Amino acid sequence: MGLSLNIDMASAAFIEALPVIEFVAQLLGKDVLSRPLSDSDRIKVKKALRGVKVEVTHRRDVRRKYRVCGITTQPTRELVFPVDDDSNMKSVVEYFQEMYGFTIQHTHLPCLQVGNQKKANYLPMEACKIVEGQRYTKRLSEKQITSLLKVTCQRPRDRENDILQTVQHNAYEEDPYANEFGIKISEKMTSVEARVLPAPWLKYHDTGKEKDCLPQVGQWNMMNKKMINGMNVNRWACINFSRSVQDSVARGFCNELAQMCQVSGMEFNPEPVIPIYIARPDQVEKALKHVYHACTNKLKGKELELLLAILPDNNGSLYGDLKRICETDLGIISQCCLTKHVFKINKQYLANVSLKINVKMGGRNTVLLDAISCRIPLVSDIPTIIFGADVTHPENGEESSPSIAAVVASQDWPEVTKYAGLVCAQAHRQELIQDLYKTWQDPVRGTVSGGMIRDLLVSFRKATGQKPQRIIFYRDGVSEGQFYQVLLFELDAIRKACASLEPNYQPPVTFIVVQKRHHTRLFANNHRDKSSTDKSGNVLPGTVVDSKICHPTEFDFYLCSHAGIQGTSRPAHYHVLWDENNFTADGIQSLTNNLCYTYARCTRSVSVVPPAYYAHLAAFRARFYLEPDLPESGSGGGGGGGKVGRVAGETGVRPLPALKENVKRVMFYC
């Protein structure tokens, strides 16, 4: 197509230009003028304001701007600083009175530290206002995300009109630079040819009324169907961490959930091992250990299979602490449910939870009919393992936290639906996955090989009795600038992992990068034609584009595999960087689209291929395994509530606590 111009509507959150005291009051949700801040409040304020630009308001005409680097541990009234080289000290309160005639009213509040950490520069909060037009780059709360989406979410037709208006508004035909270079920009969007791939048939258990199912417009449901491999849950317990949920309500909910699991095709004992245990959210470790030991004693050494946990709707660190203790310490599979769902028992919610429980217990919810009947090209003919990999980086402002890499791999063939996952911590913002393959010296065994790829190849062989003869590797989260750096490093690691198992073991590899962070949007040619759009007005699930807007020489395609719910669908962009299996464009597009219907957590096709999605979930889960921060030190590094990734005095990264063996084998991250 030649040169093209990409225009899209983007949105971001900005920090409101408020006086700092007002900002702090809003952040903490309370009056800050009457009482000093608690330690936890101060840390919260420090995290929110670090890196934010403020301007001073106490100097009439001078509105000097500063960047906040921290806040003081002492209140303003106790702060002193040297005024000369003879170490003569002056209080901040006196200094502002003498120098600017400014009387500090709220001396119980801390001061902002601005400039750099080494040279103390204090500004009272009441003398500062947040500078306008600063993007908010930290993570938004659920409530903030909801309200942002309300404002920015646009139906495809509206978004298309906005983009076309922007092009007219930019008036490129009058632009002197465009004219100078002889560039003419069409006011119409590019028209591209697309195909709509058919949805695959899904297989359910033969004892259900419906033994197989053809999804309609990217979705289906569990009515009259039973999971293809429903698991047994005989030994389970429940902890109720929510003060507002009475015992009888919790019992009723567990009963309904057990019934739904049975209806869906699982065997689920209606009685817990011990009565529902009531616990306080701040005593999560004590409660988990009590229930674990009480159950083990009663079961005479048999393992507890499942722990249900009822959590308050706003539970802070409780969810993460529970998952960390269960998965890396006790080796328990857990399922958390929020209070709002316990009170409002909804059949659809219970059905979705039962899907999650089944795969966490090692079951399968559904499989592709073509997989069962061995009809998937380049998967069904020889044992094939499908990997998914992702790296998640700490949020902006977190300077010391490690990045977390996760790799998942299919553990069944020909079904390819069960994925085991492994996680590891690596250097801050490192994109290449360091632990795919590694060797180390053992005093007894000499050079030992390991790493995530090797471990997953070994577990595939244990699970299927065969070694993989073909590898398909979906890699998420790589930007175009790093494609070949990642390919060289990670393909080499895959090769070495295979060779470490057997000298001449080199199964052919197909390496595909998946991208969601781009600004290409696909719009139906005619918004009025209901046969070419889904209910939300988006292109139909299965829409694939592999010409014109794709790379002129490389192997890439856009696939919109999901049905839109709200807003404008974002297609996934797949780049096949390496292909020793000689997939046709049709073959890899079809396989990728079909896999999107095997995602375990819901009865919808998803927008990115499930192995990549699972890797993302596993990496996100592993962030909870990082050890909580030590109390704040004077270093200005992330204060309490953040995460410490580095071992003191070393450049290495502290490894994550190991997952327990029984957790590793199943889809614990679902």
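**Reading the core, sheet and helix packing**

User: Which residues touch the most other members of the largest nonpolar core?

Analyst: Of its 85 residues, Leu306, Ile357, Tyr474, Tyr574, Leu591, Tyr614 and Tyr669 do. A nonpolar core is a set of buried Ala, Val, Leu, Ile, Met, Phe, Trp, Tyr and Cys residues joined through side-chain atoms within 4.5 Å; buried means under 20% relative accessible area with a 1.4 Å probe, protein chains only. This is a predicted model, where local features need pLDDT of at least 70, side-chain atom pairs count only at pLDDT 80 or more, and totals for chains, interfaces and linings use all residues. Residues are numbered from 1 along each chain, and side-chain values use heavy atoms, without hydrogens and water.

User: How are the strands of the sheet ordered?

Analyst: Strands of a sheet pair through backbone hydrogen bonds, either parallel or antiparallel. Here the open, mixed sheet runs β8-β25-β26-β27-β24-β23-β18-β19-β20. Strands are DSSP runs of E, at least two residues, and helices are runs of H or I, at least four; two strands pair if DSSP finds at least two bridges between them. Parallel strands β23 and β24 share 6 bridges, and Tyr474 stands opposite Ile512 in β24.

User: At what angle do α13 and α14 cross?

Analyst: Two packed helices are described by the angle between their axes and the distance between the axes. The axes of α13 (452–464) and α14 (483–501) come within 8 Å and cross at roughly 50 degrees. That makes α13 oblique to α14, since oblique covers what is left after under 35 degrees (roughly parallel), over 145 (roughly antiparallel) and 65 to 115 (roughly perpendicular).

How values were computed:
Buried < 20%, exposed > 50% of the residue type's maximum accessible area, 1.4 Å probe, protein only. Axes fitted to C-alpha atoms, helices over the stretch in contact; angles between N-to-C directions.
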